[in-house]
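Got the viewer open? Load the model, switch to cartoon view and keep the selection box handy.

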Amino acid sequence: MKKVFALLTVFLFCAFSLHLSAEDLLGALTEKAENSCLTFRYEYETSGRVKVEGRGDARVQGSAFVLNVNGVKVISDGTTKWTIDAKEKEVVIEKLSANDNFITPTLFFSSVKNKFDKSAYYKDRVKGVEVDCIELKPKFKSDIVCIKLYFYKSVLKYSKVVVRNATETFFNIMDIKEVRKGDIKSFTFNSSVLDPSWIVTDLR
């Protein structure tokens, strides 16, 4: 599960140059995440020696996020990350640095321009649909080889994360909505209220 997390994300296609069009798509995507709160559902499939599938939902506000996937919740205010497994009654607390390789939904939204450079922009076909693909390379040392963002009618529809061992994780992103910004406290977790049966591991 943690490996999946470590892998774990526009609106205007104009008739200018390819470079300008790609910048418009990325710029609009980043602006919406910075100026509002975005919610969406997603499905993912990881190729490799062991095929992993799952689905979840996410809420992104700037560099903060709440991610639910396969019964596990990941919460971050942009600096600290809480991974909460209610079934196992376990919480892991970690620092989230600017150059962290952890793939969060913010990489597809507010953080994408800070951590990646555009390397290519082209038409592609995914699941039988023609899409605009922006290929991104990491600015910093990373296990990630590239991220591909696929836009259908100027809306982010799919994304793919490729890592150095050739594993690819494909995301189907659904129902992106803009909602009013919330209190940053909603992107934190107070482990002190848990009963003694929980195991809390603080790695900060």
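Here is a walk through the model, one selection at a time.

**Before you click**

This is a predicted model, so local features are taken only where pLDDT is at least 70 and side-chain atom pairs only at pLDDT 80 or more, while totals for chains, interfaces and linings use all residues. Residues are numbered from 1 along each chain as its sequence is written, and side-chain values use heavy atoms, with hydrogens and water left out.

**Stop 1: the whole chain**

Colour by secondary structure and you should find 3 helices and 12 strands. Both are DSSP runs numbered from the N terminus: helices are H or I with at least four residues, strands are E with at least two. Now show the surface: about 10,700 Å² is accessible, and 51% of that belongs to carbon and sulfur atoms. Those areas come from the Shrake-Rupley method with a 1.4 Å probe, and for residues only the protein chains shown count as cover. Of the 204 residues in the chain, 46% are buried. Buried here means under 20% relative accessible area, exposed means over 50%, and partly exposed is in between.

**Stop 2: the sheet**

Hide everything but the strands. What is the order of the strands in the open sheet? Reading across, it goes 7-8-9-10-11-1-2-3-4-5-6-12, with mixed pairing. Two strands pair if DSSP finds at least two bridges between them. Strand 7 and strand 12 (199-202) sit at the edges with a single partner strand each, so one side of each has no neighbour in the sheet. From one strand to the next, the twist averages 20°; the axes behind such angles are lines fitted to C-alpha atoms (for helices, over the stretch in contact), and the angles run from 0 to 180 degrees between N-to-C directions.

**Stop 3: strand 1 and its neighbours**

Select residues 37-46, which make up strand 1. On one side, strand 1 runs antiparallel to strand 11 (residues 168-179), joined by 9 bridges. Label Cys 37 and you'll see Val 179 of strand 11 standing opposite. On the other pairing, strand 2 (residues 52-61) is also antiparallel to strand 1, over 9 bridges. Tyr 42 faces Gly 56 across that pairing. Follow the hairpin between strand 1 and strand 2, with its 5 residues between the strands, and pick out Gly 48, whose phi is positive, near 140°.

**Stop 4: an aromatic cluster**

Show side chains for Phe 40, Tyr 42, Tyr 44 and Phe 171, which form one aromatic cluster. The structure holds 4 aromatic pairs. One of them is Tyr 42 with Phe 171, tilted, at 6.3 Å centre to centre and 55° between the planes. (Rings of Phe, Tyr and Trp, the last by its six-membered ring, pair if their centres lie within 6.5 Å; planes under 30 degrees apart are stacked, over 60 edge-to-face, and the rest tilted.) This pair bridges distant parts of the chain, with Tyr 42 in strand 1 and Phe 171 in strand 11, 129 residues apart. Buried or exposed, Tyr 42? Tyr 42 is buried, at 2% relative accessible area, and Phe 171 is buried at 3%. Tyr 44 and Phe 171 make a tilted pair as well, because their ring centres are 6.3 Å apart and their planes meet at 45°. Tyr 44 is itself buried, at 3%.

**Stop 5: a threonine contact**

Stay in strand 1 and select Thr 46. Thr 46 is buried at 6% relative accessibility, and its side chain makes a polar contact of 3.1 Å with the side chain of Thr 169. A polar contact is a pair of N or O atoms within 3.5 Å; within protein, one must be able to donate a hydrogen and the other to accept it, and residues adjacent in sequence count only if both atoms are side-chain atoms.

**Stop 6: cysteines**

How many disulfides does a search of the whole structure find? It finds 0, where a disulfide is a pair of cysteine sulfur atoms within 2.5 Å. For Cys 133, the nearest cysteine sulfur is that of Cys 146, 8.4 Å away. Cys 133 is buried, at 0%.

**Stop 7: two lysines in loops**

Most residues other than glycine have a negative phi. Go to Lys 127, in the loop between strand 7 (116-126) and strand 8 (129-138): its phi is positive, near 50°. Lys 127 is exposed, at 60% relative accessibility. Finish at Lys 153, in the loop between strand 9 (144-152) and strand 10 (155-163). Its phi is positive too, near 55°, and Lys 153 is exposed at 67%.

Definitions and conventions
Buried < 20%, exposed > 50% of the residue type's maximum accessible area, 1.4 Å probe, protein only.
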